[in-house]
Amino acid sequence: MASARPGDGIATLLAAQEGGATSAAHLVEASLHAIAQHDGELNSFVRVAADAAREQAARVDRRRAQGEPVGPLAGIPLGIKDNLLQQGLPAQAGSRILEGFVAPVDSTVVARLRAADAVLVGKTNLDEFAMGSGSETSVHGPVRNPWDHRRVAGGSSGGSAAAVAAGLVTAALGSDTGGSVRQPAAFCGLVGLKPTYGRVSRSGLIAFASSLDQVGPLASCVEDAARILQVIGGPDPADATAAPEPLPDLLAACRQGRAAGLPGIRLGVPRQFFPPGLDPRIADGVGQALDALGRAGATLVELDLPATAHGDAAYYLIAPAEAAANLARFDGVRYGRRAAGVADVAELYGRSRAEGFGPEVIRRLLLGTFALSAGYQERYYLRALQTRTLIREELQQAFRQVDLIAGPTTPGPPYLLGELAADPLAQYLQDCFTIPASLAGLPALSLPCGVTPEGLPVGLQLLAPAFQEQRLLAGAAAAEACLPPPRRLGGPA
(Lines give C-alpha, C1' and ligand atoms only; values in the text may rest on other atoms or scores of the structure.)
Protein backbone atom coordinates (compact mmCIF):
# COMPACT_ATOMS: atom_id res chain seq x y z
CA MET A 1 0.00 0.00 0.00
CA ALA A 2 2.89 2.37 0.60
CA SER A 3 3.50 2.89 -3.13
CA ALA A 4 0.33 4.92 -3.83
CA ARG A 5 0.41 8.59 -2.82
CA PRO A 6 -1.93 11.57 -3.15
CA GLY A 7 0.24 13.17 -5.85
CA ASP A 8 -0.45 10.29 -8.24
CA GLY A 9 -3.12 10.81 -10.90
CA ILE A 10 -6.76 10.03 -10.25
CA ALA A 11 -6.87 7.06 -12.63
CA THR A 12 -3.84 5.51 -10.91
CA LEU A 13 -5.33 5.94 -7.45
CA LEU A 14 -8.73 4.58 -8.45
CA ALA A 15 -7.12 1.51 -10.01
CA ALA A 16 -4.90 0.99 -6.96
CA GLN A 17 -7.93 1.05 -4.66
CA GLU A 18 -9.94 -1.27 -6.88
CA GLY A 19 -7.03 -3.71 -7.04
CA GLY A 20 -6.45 -3.66 -3.28
CA ALA A 21 -3.01 -2.02 -3.56
CA THR A 22 -4.16 0.92 -1.44
CA SER A 23 -7.24 2.25 0.31
CA ALA A 24 -9.01 5.54 0.80
CA ALA A 25 -7.89 5.46 4.44
CA HIS A 26 -4.26 5.09 3.41
CA LEU A 27 -4.53 7.93 0.90
CA VAL A 28 -6.08 10.33 3.38
CA GLU A 29 -3.47 9.49 6.02
CA ALA A 30 -0.72 10.06 3.46
CA SER A 31 -2.28 13.40 2.55
CA LEU A 32 -2.62 14.50 6.18
CA HIS A 33 0.96 13.44 6.88
CA ALA A 34 2.23 15.38 3.88
CA ILE A 35 0.35 18.49 4.99
CA ALA A 36 1.77 18.19 8.50
CA GLN A 37 5.30 17.72 7.13
CA HIS A 38 5.38 20.29 4.35
CA ASP A 39 2.63 22.86 4.62
CA GLY A 40 4.31 24.85 7.35
CA GLU A 41 6.63 26.11 4.60
CA LEU A 42 3.96 26.54 1.93
CA ASN A 43 0.94 27.87 3.88
CA SER A 44 -1.38 26.35 1.29
CA PHE A 45 -4.04 25.18 3.77
CA VAL A 46 -5.92 27.44 6.17
CA ARG A 47 -7.90 24.61 7.72
CA VAL A 48 -7.48 20.83 7.72
CA ALA A 49 -10.60 18.74 8.35
CA ALA A 50 -8.75 15.62 9.45
CA ASP A 51 -11.56 13.87 11.35
CA ALA A 52 -14.16 14.49 8.65
CA ALA A 53 -11.72 13.34 5.94
CA ARG A 54 -10.98 10.13 7.84
CA GLU A 55 -14.72 9.47 8.23
CA GLN A 56 -15.28 10.01 4.50
CA ALA A 57 -12.43 7.67 3.63
CA ALA A 58 -13.70 5.00 6.03
CA ARG A 59 -17.15 5.13 4.41
CA VAL A 60 -15.61 4.67 0.97
CA ASP A 61 -13.53 1.70 2.09
CA ARG A 62 -16.48 0.12 3.89
CA ARG A 63 -18.74 0.39 0.85
CA ARG A 64 -16.02 -0.97 -1.43
CA ALA A 65 -15.41 -3.92 0.90
CA GLN A 66 -19.14 -4.70 0.93
CA GLY A 67 -19.28 -4.72 -2.85
CA GLU A 68 -21.40 -1.57 -3.04
CA PRO A 69 -20.88 0.90 -5.89
CA VAL A 70 -18.66 3.90 -5.20
CA GLY A 71 -18.44 7.26 -6.92
CA PRO A 72 -16.14 8.35 -9.74
CA LEU A 73 -13.77 10.13 -7.33
CA ALA A 74 -13.89 7.52 -4.57
CA GLY A 75 -11.12 7.99 -2.02
CA ILE A 76 -9.38 10.82 -3.90
CA PRO A 77 -7.98 13.50 -1.52
CA LEU A 78 -8.99 17.00 -2.64
CA GLY A 79 -8.52 20.56 -1.40
CA ILE A 80 -11.28 23.20 -1.51
CA LYS A 81 -10.58 26.91 -1.94
CA ASP A 82 -11.78 28.78 1.13
CA ASN A 83 -14.32 30.91 -0.74
CA LEU A 84 -16.47 27.80 -1.31
CA LEU A 85 -18.89 26.79 1.43
CA GLN A 86 -18.35 23.41 3.11
CA GLN A 87 -20.98 22.71 5.72
CA GLY A 88 -19.72 22.90 9.29
CA LEU A 89 -16.38 24.50 8.41
CA PRO A 90 -15.44 28.18 8.61
CA ALA A 91 -15.45 29.96 5.25
CA GLN A 92 -13.35 33.07 5.58
CA ALA A 93 -12.33 33.85 1.97
CA GLY A 94 -8.98 35.06 3.25
CA SER A 95 -10.60 38.02 5.02
CA ARG A 96 -10.70 39.25 8.59
CA ILE A 97 -14.28 40.45 8.09
CA LEU A 98 -15.57 36.86 7.91
CA GLU A 99 -13.95 35.72 11.16
CA GLY A 100 -16.27 33.31 12.94
CA PHE A 101 -18.53 32.59 9.96
CA VAL A 102 -19.27 28.86 9.64
CA ALA A 103 -20.86 27.57 6.46
CA PRO A 104 -24.44 26.39 7.17
CA VAL A 105 -24.65 24.39 3.90
CA ASP A 106 -22.43 22.92 1.21
CA SER A 107 -21.84 24.79 -2.01
CA THR A 108 -23.18 22.87 -5.00
CA VAL A 109 -19.70 21.86 -6.15
CA VAL A 110 -18.78 20.54 -2.70
CA ALA A 111 -22.05 18.60 -2.50
CA ARG A 112 -21.31 17.05 -5.89
CA LEU A 113 -17.79 16.08 -4.83
CA ARG A 114 -19.21 14.42 -1.70
CA ALA A 115 -21.72 12.53 -3.84
CA ALA A 116 -18.81 11.36 -6.00
CA ASP A 117 -17.12 10.00 -2.81
CA ALA A 118 -14.13 12.36 -2.97
CA VAL A 119 -12.33 12.92 0.34
CA LEU A 120 -12.30 16.62 1.23
CA VAL A 121 -9.12 17.15 3.20
CA GLY A 122 -9.38 20.86 3.97
CA LYS A 123 -9.75 24.48 2.86
CA THR A 124 -6.99 26.18 0.90
CA ASN A 125 -5.53 29.67 1.18
CA LEU A 126 -6.29 32.47 -1.28
CA ASP A 127 -6.04 36.19 -1.88
CA GLU A 128 -8.63 38.06 0.21
CA PHE A 129 -12.03 37.63 -1.48
CA ALA A 130 -10.09 36.18 -4.45
CA MET A 131 -8.73 39.64 -5.32
CA GLY A 132 -5.11 39.19 -6.28
CA SER A 133 -2.54 37.54 -8.51
CA GLY A 134 -0.10 36.21 -5.93
CA SER A 135 -2.07 34.85 -2.93
CA GLU A 136 -0.25 37.42 -0.81
CA THR A 137 -3.26 39.37 0.53
CA SER A 138 -4.80 36.65 2.71
CA VAL A 139 -5.33 37.35 6.39
CA HIS A 140 -3.65 33.95 6.90
CA GLY A 141 -0.42 35.11 5.25
CA PRO A 142 1.05 34.45 1.81
CA VAL A 143 1.24 31.14 -0.03
CA ARG A 144 4.71 30.04 -1.16
CA ASN A 145 5.44 28.35 -4.45
CA PRO A 146 6.56 24.71 -4.06
CA TRP A 147 9.07 25.16 -6.91
CA ASP A 148 10.79 28.05 -5.09
CA HIS A 149 9.62 29.12 -1.65
CA ARG A 150 10.82 32.67 -2.26
CA ARG A 151 8.19 33.10 -4.97
CA VAL A 152 4.43 33.45 -5.14
CA ALA A 153 2.22 30.51 -6.06
CA GLY A 154 -0.06 32.74 -8.13
CA GLY A 155 -3.49 33.97 -7.28
CA SER A 156 -6.04 34.00 -6.23
CA SER A 157 -6.19 30.18 -6.02
CA GLY A 158 -2.57 29.92 -4.90
CA GLY A 159 -3.29 27.65 -1.96
CA SER A 160 -5.04 25.10 -4.17
CA ALA A 161 -2.21 25.23 -6.72
CA ALA A 162 0.57 24.90 -4.15
CA ALA A 163 -1.16 21.98 -2.42
CA VAL A 164 -1.52 20.03 -5.67
CA ALA A 165 1.96 20.87 -6.96
CA ALA A 166 3.55 19.73 -3.69
CA GLY A 167 1.61 16.43 -3.73
CA LEU A 168 -0.36 17.24 -0.57
CA VAL A 169 -3.62 16.43 -2.37
CA THR A 170 -4.40 14.90 -5.75
CA ALA A 171 -6.33 17.90 -7.07
CA ALA A 172 -8.17 20.95 -5.77
CA LEU A 173 -10.93 23.39 -6.60
CA GLY A 174 -10.25 27.04 -7.27
CA SER A 175 -12.29 29.91 -8.64
CA ASP A 176 -11.38 31.94 -11.71
CA THR A 177 -12.60 35.52 -12.18
CA GLY A 178 -9.86 36.98 -14.35
CA GLY A 179 -7.36 34.12 -14.33
CA SER A 180 -7.33 32.88 -10.73
CA VAL A 181 -7.19 29.19 -11.67
CA ARG A 182 -5.08 29.43 -14.81
CA GLN A 183 -2.39 31.82 -13.52
CA PRO A 184 -1.51 29.81 -10.37
CA ALA A 185 -1.61 26.63 -12.48
CA ALA A 186 1.00 28.17 -14.77
CA PHE A 187 3.12 29.34 -11.82
CA CYS A 188 3.04 25.88 -10.21
CA GLY A 189 3.38 23.62 -13.26
CA LEU A 190 -0.20 22.33 -13.26
CA VAL A 191 -3.27 22.08 -15.45
CA GLY A 192 -5.84 24.73 -14.52
CA LEU A 193 -9.26 24.77 -16.18
CA LYS A 194 -11.74 27.65 -16.28
CA PRO A 195 -15.03 26.32 -17.66
CA THR A 196 -17.47 28.30 -19.78
CA TYR A 197 -19.36 30.84 -17.67
CA GLY A 198 -22.48 29.00 -16.50
CA ARG A 199 -21.03 25.52 -16.94
CA VAL A 200 -20.47 25.14 -13.17
CA SER A 201 -22.85 26.32 -10.45
CA ARG A 202 -21.79 29.32 -8.37
CA SER A 203 -24.23 28.47 -5.58
CA GLY A 204 -22.23 28.58 -2.34
CA LEU A 205 -19.30 30.48 -3.86
CA ILE A 206 -18.54 33.69 -1.96
CA ALA A 207 -18.91 36.13 -4.82
CA PHE A 208 -16.27 38.49 -6.14
CA ALA A 209 -17.66 39.50 -9.57
CA SER A 210 -20.87 37.64 -10.38
CA SER A 211 -20.71 37.91 -14.18
CA LEU A 212 -17.14 36.55 -14.23
CA ASP A 213 -16.66 34.04 -11.37
CA GLN A 214 -16.39 30.36 -12.32
CA VAL A 215 -15.28 27.38 -10.24
CA GLY A 216 -12.65 25.17 -11.85
CA PRO A 217 -10.16 22.39 -11.04
CA LEU A 218 -6.39 22.45 -10.61
CA ALA A 219 -4.79 19.09 -11.33
CA SER A 220 -1.58 17.43 -12.46
CA CYS A 221 -2.89 16.39 -15.88
CA VAL A 222 -5.65 17.17 -18.37
CA GLU A 223 -7.58 13.98 -17.70
CA ASP A 224 -7.75 14.68 -13.95
CA ALA A 225 -9.14 18.16 -14.63
CA ALA A 226 -11.74 16.60 -16.94
CA ARG A 227 -12.75 14.04 -14.31
CA ILE A 228 -13.39 16.75 -11.75
CA LEU A 229 -15.28 19.01 -14.13
CA GLN A 230 -17.42 16.02 -15.11
CA VAL A 231 -18.50 15.76 -11.46
CA ILE A 232 -18.97 19.43 -10.52
CA GLY A 233 -20.44 20.77 -13.78
CA GLY A 234 -23.95 20.80 -15.19
CA PRO A 235 -27.30 22.46 -14.52
CA ASP A 236 -28.28 23.58 -11.02
CA PRO A 237 -31.68 24.99 -10.03
CA ALA A 238 -29.97 26.78 -7.12
CA ASP A 239 -28.05 29.04 -9.54
CA ALA A 240 -29.98 31.01 -12.15
CA THR A 241 -26.77 31.58 -14.13
CA ALA A 242 -26.00 27.86 -14.43
CA ALA A 243 -26.57 26.76 -18.03
CA PRO A 244 -29.23 24.11 -18.67
CA GLU A 245 -27.02 22.10 -21.06
CA PRO A 246 -25.79 18.81 -19.57
CA LEU A 247 -22.10 18.07 -19.76
CA PRO A 248 -20.86 15.81 -22.56
CA ASP A 249 -18.49 12.92 -21.87
CA LEU A 250 -15.27 14.80 -21.10
CA LEU A 251 -13.13 11.73 -20.40
CA ALA A 252 -14.01 10.35 -23.80
CA ALA A 253 -13.00 13.69 -25.33
CA CYS A 254 -9.58 13.47 -23.66
CA ARG A 255 -9.00 9.93 -24.87
CA GLN A 256 -10.15 10.73 -28.38
CA GLY A 257 -7.90 13.78 -28.43
CA ARG A 258 -4.85 11.75 -27.38
CA ALA A 259 -5.62 9.08 -29.94
CA ALA A 260 -6.23 11.51 -32.82
CA GLY A 261 -3.33 13.82 -32.00
CA LEU A 262 -2.95 17.30 -33.43
CA PRO A 263 -3.13 16.79 -37.23
CA GLY A 264 -6.02 18.83 -38.59
CA ILE A 265 -6.26 21.15 -35.56
CA ARG A 266 -5.98 24.86 -36.35
CA LEU A 267 -4.32 26.76 -33.51
CA GLY A 268 -4.79 30.52 -33.58
CA VAL A 269 -1.87 32.52 -32.20
CA PRO A 270 -2.83 36.19 -31.54
CA ARG A 271 0.00 38.65 -31.98
CA GLN A 272 -1.42 40.59 -29.01
CA PHE A 273 -0.43 37.62 -26.82
CA PHE A 274 3.22 38.20 -27.74
CA PRO A 275 3.68 41.94 -27.10
CA PRO A 276 7.13 43.60 -27.27
CA GLY A 277 7.51 43.67 -23.48
CA LEU A 278 6.80 39.97 -22.96
CA ASP A 279 9.39 38.31 -20.72
CA PRO A 280 11.78 36.51 -23.10
CA ARG A 281 11.74 33.40 -20.91
CA ILE A 282 7.98 33.10 -21.44
CA ALA A 283 8.21 34.03 -25.13
CA ASP A 284 10.87 31.38 -25.69
CA GLY A 285 9.15 28.68 -23.66
CA VAL A 286 5.72 29.16 -25.23
CA GLY A 287 7.27 29.66 -28.67
CA GLN A 288 9.10 26.35 -28.41
CA ALA A 289 5.89 24.65 -27.26
CA LEU A 290 3.96 26.04 -30.23
CA ASP A 291 6.73 24.88 -32.57
CA ALA A 292 6.45 21.40 -31.05
CA LEU A 293 2.68 21.38 -31.59
CA GLY A 294 3.24 22.48 -35.18
CA ARG A 295 5.70 19.64 -35.75
CA ALA A 296 3.11 17.27 -34.30
CA GLY A 297 0.62 18.29 -36.97
CA ALA A 298 -1.21 21.37 -35.72
CA THR A 299 -1.62 24.26 -38.15
CA LEU A 300 -0.54 27.55 -36.55
CA VAL A 301 -2.63 30.52 -37.73
CA GLU A 302 -1.58 34.08 -36.88
CA LEU A 303 -4.48 36.17 -35.53
CA ASP A 304 -5.01 39.86 -34.95
CA LEU A 305 -7.27 40.53 -31.94
CA PRO A 306 -6.89 44.26 -31.23
CA ALA A 307 -9.79 44.52 -28.77
CA THR A 308 -8.15 42.01 -26.40
CA ALA A 309 -5.40 44.56 -25.71
CA HIS A 310 -8.02 46.60 -23.82
CA GLY A 311 -9.11 43.64 -21.66
CA ASP A 312 -7.30 44.70 -18.50
CA ALA A 313 -8.79 48.20 -18.58
CA ALA A 314 -12.31 46.83 -19.03
CA TYR A 315 -11.88 44.09 -16.44
CA TYR A 316 -10.56 46.41 -13.74
CA LEU A 317 -13.71 48.51 -14.04
CA ILE A 318 -16.27 45.71 -14.37
CA ALA A 319 -14.91 43.39 -11.67
CA PRO A 320 -14.45 46.08 -8.97
CA ALA A 321 -17.91 47.48 -9.75
CA GLU A 322 -19.48 44.06 -9.23
CA ALA A 323 -17.35 43.51 -6.12
CA ALA A 324 -18.57 46.81 -4.66
CA ALA A 325 -22.13 45.54 -5.00
CA ASN A 326 -21.40 42.01 -3.75
CA LEU A 327 -19.30 42.99 -0.73
CA ALA A 328 -21.81 45.59 0.47
CA ARG A 329 -23.46 42.76 2.43
CA PHE A 330 -20.43 42.46 4.72
CA ASP A 331 -21.29 45.13 7.25
CA GLY A 332 -20.57 43.64 10.68
CA VAL A 333 -24.24 43.21 11.50
CA ARG A 334 -25.50 39.89 10.15
CA TYR A 335 -22.30 37.85 10.40
CA GLY A 336 -18.55 38.20 10.51
CA ARG A 337 -16.36 40.71 12.30
CA ARG A 338 -18.14 43.58 14.04
CA ALA A 339 -16.43 46.69 15.39
CA ALA A 340 -16.75 46.97 19.17
CA GLY A 341 -18.08 49.89 21.16
CA VAL A 342 -19.99 51.62 18.34
CA ALA A 343 -23.58 52.80 18.77
CA ASP A 344 -24.14 54.69 15.50
CA VAL A 345 -25.10 52.42 12.59
CA ALA A 346 -23.21 54.37 9.94
CA GLU A 347 -20.08 54.38 12.09
CA LEU A 348 -20.54 50.66 12.77
CA TYR A 349 -20.59 49.90 9.06
CA GLY A 350 -17.58 52.09 8.39
CA ARG A 351 -15.42 50.82 11.23
CA SER A 352 -16.35 47.16 10.73
CA ARG A 353 -15.36 47.37 7.08
CA ALA A 354 -12.22 49.39 7.74
CA GLU A 355 -11.09 46.82 10.31
CA GLY A 356 -12.27 43.80 8.31
CA PHE A 357 -11.13 44.49 4.75
CA GLY A 358 -7.49 44.53 3.70
CA PRO A 359 -5.86 47.27 1.58
CA GLU A 360 -6.27 45.52 -1.78
CA VAL A 361 -9.96 44.84 -1.24
CA ILE A 362 -10.50 48.44 -0.12
CA ARG A 363 -8.66 49.69 -3.21
CA ARG A 364 -10.91 47.68 -5.52
CA LEU A 365 -14.09 48.62 -3.68
CA LEU A 366 -13.22 52.29 -3.98
CA LEU A 367 -12.49 51.86 -7.68
CA GLY A 368 -15.77 50.02 -8.25
CA THR A 369 -17.83 52.52 -6.27
CA PHE A 370 -16.25 55.38 -8.22
CA ALA A 371 -16.96 53.67 -11.56
CA LEU A 372 -20.65 53.32 -10.64
CA SER A 373 -21.09 56.80 -9.17
CA ALA A 374 -23.25 59.52 -10.72
CA GLY A 375 -21.53 61.27 -13.58
CA TYR A 376 -18.93 58.52 -14.09
CA GLN A 377 -20.98 55.40 -14.83
CA GLU A 378 -21.39 56.16 -18.53
CA ARG A 379 -17.83 57.43 -18.90
CA TYR A 380 -16.20 54.36 -17.35
CA TYR A 381 -18.43 51.41 -16.46
CA LEU A 382 -20.65 51.43 -19.54
CA ARG A 383 -17.65 51.88 -21.84
CA ALA A 384 -16.03 48.90 -20.14
CA LEU A 385 -19.14 46.83 -20.87
CA GLN A 386 -19.00 47.93 -24.51
CA THR A 387 -15.34 46.89 -24.67
CA ARG A 388 -16.29 43.52 -23.20
CA THR A 389 -18.81 43.05 -26.01
CA LEU A 390 -16.16 43.89 -28.60
CA ILE A 391 -13.77 41.34 -27.11
CA ARG A 392 -16.45 38.66 -27.08
CA GLU A 393 -17.41 39.35 -30.71
CA GLU A 394 -13.76 39.45 -31.79
CA LEU A 395 -13.09 36.05 -30.25
CA GLN A 396 -16.25 34.58 -31.74
CA GLN A 397 -15.12 35.79 -35.14
CA ALA A 398 -11.67 34.27 -34.61
CA PHE A 399 -13.18 30.85 -33.95
CA ARG A 400 -14.57 30.87 -37.48
CA GLN A 401 -10.96 30.58 -38.64
CA VAL A 402 -9.42 28.34 -35.96
CA ASP A 403 -10.37 25.51 -33.59
CA LEU A 404 -8.46 26.73 -30.52
CA ILE A 405 -6.54 29.87 -29.58
CA ALA A 406 -3.10 29.49 -27.98
CA GLY A 407 -0.61 31.73 -26.21
CA PRO A 408 1.13 32.34 -22.89
CA THR A 409 -0.86 32.06 -19.69
CA THR A 410 1.23 34.69 -17.89
CA PRO A 411 3.53 37.55 -18.98
CA GLY A 412 6.35 36.30 -16.76
CA PRO A 413 7.40 33.43 -14.47
CA PRO A 414 6.39 33.41 -10.79
CA TYR A 415 7.69 36.58 -9.17
CA LEU A 416 9.30 36.99 -5.76
CA LEU A 417 7.13 37.39 -2.67
CA GLY A 418 6.62 41.09 -2.06
CA GLU A 419 8.18 42.09 -5.39
CA LEU A 420 5.01 43.74 -6.72
CA ALA A 421 3.48 44.76 -3.39
CA ALA A 422 4.05 48.47 -3.98
CA ASP A 423 2.93 48.40 -7.62
CA PRO A 424 -0.76 47.45 -8.00
CA LEU A 425 -0.72 48.13 -11.73
CA ALA A 426 2.10 45.61 -12.26
CA GLN A 427 0.09 43.08 -10.27
CA TYR A 428 -3.02 43.70 -12.37
CA LEU A 429 -1.05 43.20 -15.58
CA GLN A 430 -0.26 39.63 -14.49
CA ASP A 431 -3.75 38.78 -15.78
CA CYS A 432 -3.35 40.36 -19.22
CA PHE A 433 -3.57 37.07 -21.15
CA THR A 434 -6.21 35.34 -19.01
CA ILE A 435 -8.71 38.22 -18.81
CA PRO A 436 -10.04 38.05 -22.42
CA ALA A 437 -11.49 34.54 -21.96
CA SER A 438 -13.05 35.64 -18.66
CA LEU A 439 -14.69 38.71 -20.17
CA ALA A 440 -16.02 36.62 -23.06
CA GLY A 441 -17.16 33.77 -20.78
CA LEU A 442 -15.13 31.21 -22.74
CA PRO A 443 -13.56 27.98 -21.49
CA ALA A 444 -9.78 28.21 -21.15
CA LEU A 445 -7.03 25.98 -19.81
CA SER A 446 -3.43 26.44 -18.74
CA LEU A 447 -1.09 23.57 -19.55
CA PRO A 448 2.54 23.14 -18.41
CA CYS A 449 4.83 23.51 -21.43
CA GLY A 450 8.35 23.59 -19.99
CA VAL A 451 10.53 25.54 -17.60
CA THR A 452 12.63 28.69 -17.71
CA PRO A 453 16.46 28.52 -17.57
CA GLU A 454 16.10 28.96 -13.78
CA GLY A 455 13.80 25.95 -13.60
CA LEU A 456 10.49 27.80 -13.09
CA PRO A 457 7.29 26.55 -14.76
CA VAL A 458 5.90 28.06 -17.96
CA GLY A 459 2.21 27.78 -18.90
CA LEU A 460 0.57 27.52 -22.32
CA GLN A 461 -3.02 28.76 -22.44
CA LEU A 462 -5.67 27.31 -24.77
CA LEU A 463 -9.08 28.90 -25.42
CA ALA A 464 -12.15 27.34 -27.03
CA PRO A 465 -15.62 28.59 -28.03
CA ALA A 466 -18.33 28.74 -25.38
CA PHE A 467 -19.54 25.34 -24.15
CA GLN A 468 -16.86 23.55 -26.19
CA GLU A 469 -15.06 21.96 -23.25
CA GLN A 470 -14.93 18.76 -25.31
CA ARG A 471 -12.88 20.50 -27.98
CA LEU A 472 -10.70 22.24 -25.41
CA LEU A 473 -9.91 19.08 -23.47
CA ALA A 474 -9.36 16.98 -26.58
CA GLY A 475 -6.88 19.54 -27.90
CA ALA A 476 -5.22 19.93 -24.52
CA ALA A 477 -4.83 16.15 -24.12
CA ALA A 478 -3.27 15.94 -27.57
CA ALA A 479 -0.95 18.86 -26.80
CA GLU A 480 -0.03 17.39 -23.42
CA ALA A 481 1.26 14.26 -25.14
CA CYS A 482 3.62 16.36 -27.30
CA LEU A 483 5.07 18.58 -24.56
CA PRO A 484 7.71 17.79 -21.93
CA PRO A 485 6.09 16.55 -18.71
CA PRO A 486 6.45 18.92 -15.74
CA ARG A 487 8.97 17.96 -13.11
CA ARG A 488 7.25 16.10 -10.28
CA LEU A 489 7.67 17.72 -6.89
CA GLY A 490 7.52 16.29 -3.40
CA GLY A 491 4.78 14.58 -1.45
CA PRO A 492 4.56 11.53 0.74
CA ALA A 493 6.14 8.27 -0.24
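Ala93 sits in the loop between S2 and H4, in a predicted model where local features need pLDDT of at least 70, side-chain atom pairs count only at pLDDT 80 or more, and totals for chains, interfaces and linings use all residues. Numbering runs from 1 along each chain as its sequence is written, and side-chain values use heavy atoms, with hydrogens and water left out. Helices (H or I, at least four residues) and strands (E, at least two) are DSSP runs, numbered from the N terminus. Ala93 is not a glycine, yet its phi is positive, at about 50°. The residue is buried, with a relative accessible area of 0%; buried stands for under 20% relative accessible area, exposed for over 50%, and partly exposed for anything in between (1.4 Å probe, protein chains only). Ala130, in the loop between S3 and S4, also has a positive phi, near 65°. At 4% relative accessibility, Ala130 counts as buried. Another backbone feature turns up at Gly155 and Ser156, which are joined by a cis peptide bond with omega of about 5°. Ser156 belongs to the loop between strand S5 (148–152) and helix H5 (158–165).

Turning to the interior, the largest nonpolar core holds 114 residues, and Leu73, Leu113, Phe129, Ile232 and Ile405 touch the most other members. Helix H10 (residues 311–326) is the top contributor to this core, giving nine residues. A core in this sense is a set of buried Ala, Val, Leu, Ile, Met, Phe, Trp, Tyr and Cys residues joined through side-chain atoms within 4.5 Å. With residues up to four places away in sequence not counted, Ile232 touches Val109, Arg112, Leu113, Leu173, Val200 and Val215, contact being heavy atoms within 4.5 Å. There is also a second, separate core of 30 residues, with Ala153, Val164, Ala166 and Leu218 among them.

Two loop residues are worth a look for their contacts. Gln430 falls between helix H14 (424–428) and helix H15 (435–440) and, at 11% relative accessibility, counts as buried. Outside its neighbours within four places in sequence, Gln430 is in contact with Ser133, Gln183, Phe187, Pro411, Tyr415 and Leu420. Pro142 is found in the loop between strand S3 (119–124) and strand S4 (144–145), and it is partly exposed at 26% relative accessibility. Leu42, Asn43, Ser135, Glu136 and Leu417 are what Pro142 touches, again not counting residues up to four places away in sequence.

Helix H11 (residues 345–356) runs to 12 residues and spans 16 Å from its first C-alpha to its last, close to the 16 Å expected at 1.5 Å a residue; the expected span is 1.5 Å times one less than the number of residues. Leu348, Ser352 and Gly356 are the buried residues of H11. Seen down the axis, these buried residues fall within an arc of 40°, so they line one face of the helix. The arc is taken over the directions from the helix axis to the C-beta atoms. An α-helix has 3.6 residues a turn, so residues three or four places apart point the same way. Over on the other side of H11, Ala346 and Ala354 are exposed. At the start of the helix, a side-chain oxygen of Asp344 comes to within 3.2 Å of the backbone nitrogen of Ala346.

As for charged pairs, a salt bridge is a side-chain nitrogen of Lys or Arg within 4 Å of a carboxyl oxygen of Asp or Glu, and the count by this rule is 23. One of them pairs Asp82 with Arg47, the closest N and O atoms being 3.9 Å apart. This pair links distant parts of the chain, 35 residues apart: Asp82 is in the loop between strand S2 (77–81) and helix H4 (108–115), and Arg47 is in strand S1 (residues 45–48). Asp82 is buried, at a relative accessible area of 0%.

Arg281 and Glu454 form another salt bridge, with the closest N and O atoms 2.9 Å apart. Arg281 lies in helix H9 (residues 280–295) and Glu454 in the loop between strand S12 (444–451) and strand S13 (457–463), so the pair ties together parts 173 residues apart in sequence. Arg281 is partly exposed at 28%, and Glu454 counts as partly exposed at 49%. Back at H11, Glu355 bridges to Arg337, with the closest N and O atoms 3.7 Å apart. Arg337 is in the loop between H10 and H11, so this pair ties together parts 18 residues apart in sequence. Through shared partners, salt bridges join Glu99, Arg337, Glu347, Arg351 and Glu355 into one network.

Conventions: A polar contact is a pair of N or O atoms within 3.5 Å; within protein, one must be able to donate a hydrogen and the other to accept it, and residues adjacent in sequence count only if both atoms are side-chain atoms.
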